[in-house]
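Q: Please take a close look at the sheet in this model. In what order do the strands run, and what packs on the sheet?

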Amino acid sequence: MPKHYLILGDALNVLSKLKTKVDAVIVDPPYNTANKNTKVLKGRKARSSDFGKWDYFTRDEYLNFTAEWIRLTKPILNENGNLLIFSKLEYISDIKRIYEKLGFKHHGTMIWHKTNPAPQIRKNGFLSSCEAILWATNGFDNKKISYTFNFSKQNEMHNFIQTPICMGHERTAHPTQKPKKVLSHLIKIFTNEKDLILDCFAGSGTLAEAADELKRSSINIENDPDYFKIMKERLKKIKGVRNLKLKK
Ligand SMILES: C[S@@+](CC[C@H](N)C(=O)[O-])C[C@H]1O[C@@H](n2cnc3c(N)ncnc32)[C@H](O)[C@@H]1O
């Protein structure tokens, strides 16, 4: 039975204490996209871009924070283990540079296209409908393909996935919840059954739910007590869920 460990705490603090090794790290970290704007469309609910203080950084703070959490995952991730990071398009090259400096090998970038992005009310720019998913491995053996990459059919292995933003019964109160379909796709390609996956910015627990359905285990760190509660509620139907408190 897959096991899912939920940890309420700051990722940097928890990662520095984690003794377990994991097979893959699949993370949807803060994006640094929050702003105080609220979009109001006639006949529709107001849509706020103020996700909370966890998503406000200066550019330098953001890159330092990113470098720090990636550095802390390195000793936890198995050799040649996959690292997948969601990001806005503007940060692709910065994040790539950060993990390459730390000894990760960059393999590629996927695009998630949202079919129902927030509208451009002022019509003075593009709708923000794409997000990136960077893929690297913890080291790389040139002589053989030593990382997990479950290639299915040619037409299923595009570096592109298209889904709507979470809606309907899947939607929780988390403002930046990812669709389970996107996480399931990544889990199938980059991990095997019984693997242990780390998500150190777990939010509403999408990774854990998708992992369980695919018979993988997970460690899920979230520092916001309200989001942690949402994740616990969402995962309560799953038998192998455990709360984990790390020793000080
Ligand atoms: C983009 S959201 C993840 C959403 C998630 N993938 C889902 O589908 O619900 C990032 C999450 O990281 C959490 N977070 C931000 N800084 C953190 C930190 N230092 N340690 C742990 N969690 C943090 C935020 O509270 C937020 O829930």
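A: The account below begins with the sheet and then turns to the helices and the ligand. The model is a predicted one.

Nine strands make up an open sheet, and their order is β8-β6-β7-β5-β2-β9-β10-β1-β11. The pairing within this sheet is mixed. In general, strands of a sheet pair through backbone hydrogen bonds, and they do so either parallel or antiparallel. The edges are formed by β8 (160-163) and β11 (241-243), each of which pairs on one side only. When direction is ignored, neighbouring strands of the sheet are turned by 20° against each other on average.

One pair of strands can be followed in detail. Strand β2 (residues 22-27) runs parallel to strand β5 (residues 77-87), and five bridges join the two. Within this pair, valine 27 stands opposite isoleucine 85 of β5. Helix α3 packs on the sheet, where it touches β5, β6 (105-114) and β7 (130-137). The direction of α3 makes about 15° with that of β7.

Helix α3 (residues 92-101) also meets another helix, α2 (residues 59-73); their axes come within 10 Å and cross at roughly 40°. At that angle, α2 and α3 are therefore oblique to each other. Their crossing is right-handed. On the α2 side the contact involves Leu63, Thr66, Ala67 and Ile70, which meet Asp94, Ile95, Ile98 and Tyr99 of α3. By class, the residues of this contact comprise six nonpolar, one polar and one charged.

A second pair of helices is formed by α4 (residues 180-190) and α5 (residues 206-213), whose axes come within 9 Å and cross at roughly 55°. These two helices are therefore oblique to each other, and the crossing of α4 and α5 is right-handed. Helix α4 contributes Lys180, Leu183, Ser184 and Ile187 to the contact, while α5 contributes Thr206, Leu207, Glu209, Ala210, Ala211 and Glu213. The residues of the contact of α4 with α5 divide into five nonpolar, two polar and three charged.

The ligand brings the sheet back into view. It is surrounded by 19 residues, of which the closest are Ala11, Phe201, Gly203, Ser204 and Thr206. The elements that give two or more residues to this shell are helix α1 (11-17) and strand β10 (217-222). Strand β10 stands between β9 and β1 in the order of the sheet. Thr206, one of the closest residues to the ligand, also takes part in the contact of α5 with α4. The shell as a whole holds seven nonpolar, seven polar and five charged residues.

Technical notes. Residues are numbered from 1 along each chain as its sequence is written. This is a predicted model: local features need pLDDT of at least 70, side-chain atom pairs count only at pLDDT 80 or more; totals for chains, interfaces and linings use all residues. A residue is near a molecule or strand if its C-beta atom, placed from the backbone, lies within 6 Å of it. Helices (H or I, at least four residues) and strands (E, at least two) are DSSP runs, numbered from the N terminus. Ala, Val, Leu, Ile, Met, Phe, Trp, Tyr, Cys and Pro count as nonpolar, Asp, Glu, Lys and Arg as charged, and the others, Gly among them, as polar. Axes are lines fitted to C-alpha atoms, for helices over the stretch in contact, and angles run from 0 to 180 degrees between N-to-C directions. Angles under 35 degrees count as roughly parallel, over 145 as roughly antiparallel, 65 to 115 as roughly perpendicular and the rest as oblique. A crossing is left-handed if the near helix is turned anticlockwise from the far one by less than a right angle, and right-handed if clockwise. Two residues are in contact if their C-beta atoms, placed from the backbone, lie within 7 Å. Two strands pair if DSSP finds at least two bridges between them.
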